[in-house]
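Here is a friendly walk through one model, in questions and answers. Have the viewer open and follow along.

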Amino acid sequence: MKKLIIIPAYNESANIEKTIKMIQENAPEFDYVIINDCSTDDTKKICEKNGYNYIDLPINLGIGGAVQTGYRYGYEEGYDMAVQVDGDGQHDPKFLATMADYLEEHGLDMVIGSRFINKEGFQSSGARRMGIKYFTVLIQLLTGKKITDPTSGLRMVNRDVMKIFAYDYPKDYPEPESVVAILRQKKNVEEIPVIMKAREGGVSSISPKKSVYYMIKVTLAILIERIRK
């Protein structure tokens, strides 16, 4: 089984070396590709200096476009499964082997690493947890499936879903919307417990000022995705 880690990276110079080191130490059976989303800091220089496998986007595509680039790369390079690991170091690669085994043994299309099953590690802020619970309820109402951590970026997919995402992936705050998209296609999605870490450097893409926009945009996107033919 060829396994790929997709690492979207925008201005992650403070975290990217640590992220790659963690992958090499804890998930050596996985290949990886960094998608440098037109960073304005030293992310590209660090990738070049260390000889990392990376794709340098000429313009900033946002998280959705960067992750889609990774899925397109994985599908065209013949990988059997792919997993998104954020470049900020919050996702612990030691859980990737367990996720891969669970995906394969249970014949699933997607496995999501949830921080809220065992409630260990970094649980995000109170305001964000309220937003996450809102999306959990909304997705369950629309699809019948309870996803405890619908905003989790740590998710592993098989080759069928890789193909879907390579050619059709939400561009802005994509995690909840993309889960609904594959549930709508009757794909099998499950969660397993993981422990996430707090960001140690850099800045989150979702600032307090963007939170209201995020909630409205993602809600509308989920509703549209649910009724789309």
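Q: Which residues of the largest nonpolar core touch the most other members?
A: This is a predicted model, where local features need pLDDT of at least 70 and side-chain atom pairs count only at pLDDT 80 or more, while totals for chains, interfaces and linings use all residues. Residues are numbered from 1 along each chain as its sequence is written, and side-chain values use heavy atoms, with hydrogens and water left out. A nonpolar core here is a set of buried Ala, Val, Leu, Ile, Met, Phe, Trp, Tyr and Cys residues joined through side-chain atoms within 4.5 Å, and buried means under 20% relative accessible area, exposed over 50%, partly exposed in between, with a 1.4 Å probe and protein chains only. Among the 33 residues of the largest core, those touching the most other members are Tyr71, Met110, Val157, Met162, Phe165, Val189 and Ile222.

Q: Which element gives the most to this core?
A: Helices (H or I, at least four residues) and strands (E, at least two) are DSSP runs, numbered from the N terminus. Elements that give two or more residues include β1 (3–9), α3 (62–76), β5 (110–114) and α8 (211–227). The most comes from one helix, with 5 residues: α6.

Q: What do the buried residues of α6 pack against?
A: The buried residues of this helix are Val161, Met162, Ile164, Phe165 and Ala166. Taking contact as heavy atoms within 4.5 Å, we can list their partners. They pack against α3, β4 (81–84), β5, β6 and α7.

Q: Is methionine 162 buried or exposed?
A: Methionine 162 sits in helix α6. Leaving aside neighbours within four places in sequence, its contacts include Tyr71, Gly74, Tyr79 and Val157. Because its relative accessibility is 0%, methionine 162 counts as buried.

Q: How many Å separate the C-alpha atoms of valine 157 and valine 189?
A: Valine 157 belongs to strand β6 (residues 155–158) and, at 0% relative accessibility, is buried. Beyond its neighbours within four places in sequence, valine 157 is in contact with residues including Leu103, Asp109, Met110 and Phe165. Valine 189 lies 32 residues away along the chain, and the C-alpha separation is 9.1 Å.

Q: Which residue caps the N-terminal end of α6?
A: A useful term here is the polar contact: a pair of N or O atoms within 3.5 Å, where within protein one must be able to donate a hydrogen and the other to accept it, and residues adjacent in sequence count only if both atoms are side-chain atoms. At this helix end, a side-chain oxygen lies 3.2 Å from the backbone nitrogen of aspartate 160. The capping residue is asparagine 158.

Q: Which backbone nitrogen does the side chain of threonine 43 reach?
A: Threonine 43 is in helix α2 (residues 43–50) and counts as buried, with 0% relative accessibility. Not counting residues up to four places away in sequence, threonine 43 touches Ala9, Asn11, Glu12, Ser13 and Asn36. At 2.9 Å, its side chain reaches the backbone nitrogen of glutamate 12.

Q: What is the phi of lysine 186, about?
A: Most residues other than glycine have a negative phi. Lysine 186 lies in the loop between α7 and β7 (189–193) and counts as exposed, at 72% relative accessibility. Although it is not a glycine, lysine 186 has a positive phi of about 65°.

Q: How many residues apart in sequence are the parts that glutamate 225 and arginine 184 tie together?
A: A salt bridge is a side-chain nitrogen of Lys or Arg within 4 Å of a carboxyl oxygen of Asp or Glu, and the structure holds 7. The side chains of glutamate 225 and arginine 184 meet in one, at 2.8 Å, N to O. Glutamate 225 lies in helix α8 and arginine 184 in helix α7, so the parts tied together are apart in sequence by 41 residues.

Q: Is glutamate 225 buried or exposed?
A: Its partner arginine 184, at 23% relative accessibility, counts as partly exposed. Glutamate 225 has a relative accessible area of 4%, so glutamate 225 is buried.
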